[in-house]
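Subject: Structure handover

Dear colleague,

I am passing on the structure below, together with a description of what was found in it. Please look through it with the text alongside.

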Amino acid sequence: MELPRIEPPPDLTISTLGTARITSPMATLLDATRTTEHYISENDRVLLDDTLSGISSRGVVPDQLPGMEPCGPRRKIFFDPAKTRAAIVTCGGLCPGLNDVIAGLVRTLTYHYRVRRVVGIRNGYQGFVPRYGHDVVDLTPESVRDIATDGGTVLGTSRGHQDPDEIVDCLERLHINILFVVGGDGSMRGAMQIARTIADRGLLIAVVGIPKTIDNDIPYIDQSFGFQTAFSLASDAIRAAQVEAKSTANGIGLVKLMGRHSGFIACYAALARSGADAVLIPEVPFALDGEHGLLAHVRRRVSERGHAVVVVAEGAGQELLGGVDEDARDASGNARLQDIGPWLRRRITDHFSDAGIETSIRYIDPSYAIRSVPANPYDSVYCVRLSQAAVHAAMSGRTEMVVGRYRRRFVHIPMGVAVSRRNQVDPHGDLWMAVLESTGQPARFA
């Protein structure tokens, strides 16, 4: 590997006015923190170079440092474009940007690689299975030109497992060489089964994923596409709740946002709007009752300010509702959550009623309104770049992998790694600390 010419590092020393001697009021929030992937301790440092060549050029041996393969076009490709057929399938729930991804895949395949046929599979993995009777659709740059202006997916989607053997049978019938799967962790697990079935049959079909999750819960990816659009619209719901709460005596706004296992949308939306008095997420258990519980906190805020706003992620507080029934699952195999929103509304109402305080609660759940909108400009650009990276990877013969952006770089990630765990808000990380600073809520409602 040819090493780049690296300029001598600049002097990164930060000047100070002198020794800091006074205990900060923030100190209690820092007691349990340590350097993780979500937070950097004040005594640690961030590396200037984030590539092996950059580190090597400074005389550091990089052999033992883990690294991801970068995205981008390769000088040599595996598939002959003139003889290549590609298929695209979208699976799972809706998310802003799906149509942008479809359009980006079609344009890159057609314009840059001159692939002669790209087909869309209707209604998720069901579209491969004959008994559902779904047709396929030919996709061209002309047919996808304006689809990004609409939300949802022009190909349709579905949830649930389908037989990988039937899916591979369909790929063979259609003479498909490359399959692009746009979906979440369940869809990627299905794509892994498809890739393994392909390998067992000795076929040369690449399976490449573009990970989709509005909850931003895929690991080793900075942000999933559609996430910025989602928390931007979620912040509008918080603004509406705040306006409603401020307009009535002792008013309370309660907003339930998406986030089954990860509270990123709730955190970012609350930070964007800065009107929340409490943010509740699945990663941080909370208590309702007692002097330091949520209800007492909301009551104090109403007393002090005349109103309060509570933001709750859908997966928060499940233990207070009796826990998740692992035997009750939806079509995607996810455990069915109990509805925290109406339950929390009742508990807040009862608490104020028992205290003899008249209040008015405005409850807002914008989930489906958020999922179905077109992507904002940032997410649209991100989708296009992900789709381009996916095409480059597939044409070079890579398979059973996804594309994503990690530490600002577009990289290839094995599918098994992408579904190995969930990306979650770190209760000791800087994001959660920023939420605590913004809302003024305690580190724990205990």
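A good place to begin is a single pair of residues: Gly209 has Val402, in β11, as its bridge partner. Please keep in mind throughout that this is a predicted model.

That pair belongs to a parallel pairing, in which strand β6 (residues 206-211) and strand β11 (residues 401-406) are joined by two bridges. Both strands are part of an open sheet of eight strands, whose order is β1-β12-β11-β6-β5-β2-β3-β4 and whose pairing is mixed. At its edges are β1 (69-70) and β4 (136-138), each of which pairs on one side only. Helix α3 (residues 98-112) packs on this sheet, where it touches β2 (85-90), β3 (117-121), β5 (178-183) and β6, and its direction makes about 175° with that of β2. Helix α11 (residues 377-395) also packs on the sheet, touching β5, β6, β11 and β12, with its direction at about 135° to that of β11.

There is also an open sheet of four strands, which follow the order β8-β9-β7-β10 with parallel pairing. Because β8 (278-280) and β10 (360-364) stand at the edges and each has a single partner strand, one side of each is left without a neighbour in the sheet. On average, and with direction ignored, neighbouring strands here are turned by 15° against each other. The parallel pairing of β8 with strand β9 (residues 307-313) extends over three bridges, and Leu280 stands opposite Val312 in β9. Helix α8 (residues 294-305) lies across β7 (251-257), β8 and β9, and runs at about 145° to β9.

Turning to helix packing, the axes of helix α4 (residues 164-173) and helix α5 (residues 185-200) come within 9 Å and cross at roughly 65°, in a crossing that is right-handed. On the α4 side the contact is made by Pro164, Asp165, Ile167, Val168 and Leu171, and on the α5 side by Gln193, Ile194, Thr197 and Ile198. By class, this contact of α4 with α5 has six nonpolar, two polar and one charged residues.

Finally, the largest pocket has a volume of about 1,800 Å³. It is lined by 47 residues, of which Asp50, Asp222, Tyr406, Arg407 and Arg408 are the closest to its centre. The elements that give two or more residues to this lining are α2 (52-57), α7 (264-273), β12 (409-414) and α13 (430-439). Divided by class, the lining of the largest pocket has 23 nonpolar, eleven polar and 13 charged residues.

With kind regards

Note on methods: Residues are numbered from 1 along each chain as its sequence is written. This is a predicted model: local features need pLDDT of at least 70, side-chain atom pairs count only at pLDDT 80 or more; totals for chains, interfaces and linings use all residues. Side-chain values use heavy atoms; hydrogens and water are left out. Axes are lines fitted to C-alpha atoms, for helices over the stretch in contact, and angles run from 0 to 180 degrees between N-to-C directions. A crossing is left-handed if the near helix is turned anticlockwise from the far one by less than a right angle, and right-handed if clockwise. Contact means heavy atoms within 4.5 Å. Ala, Val, Leu, Ile, Met, Phe, Trp, Tyr, Cys and Pro count as nonpolar, Asp, Glu, Lys and Arg as charged, and the others, Gly among them, as polar. On a 1 Å grid over the protein atoms alone, a cavity is a set of points where a 1.4 Å probe fits but cannot get out, and a pocket is an open set with protein on both sides within 12 Å along at least five of seven lines; lining residues have an atom within 4 Å of a point. Grid points are joined across faces, edges and corners, and a volume is the space filled by probe spheres set on the points. Two strands pair if DSSP finds at least two bridges between them.
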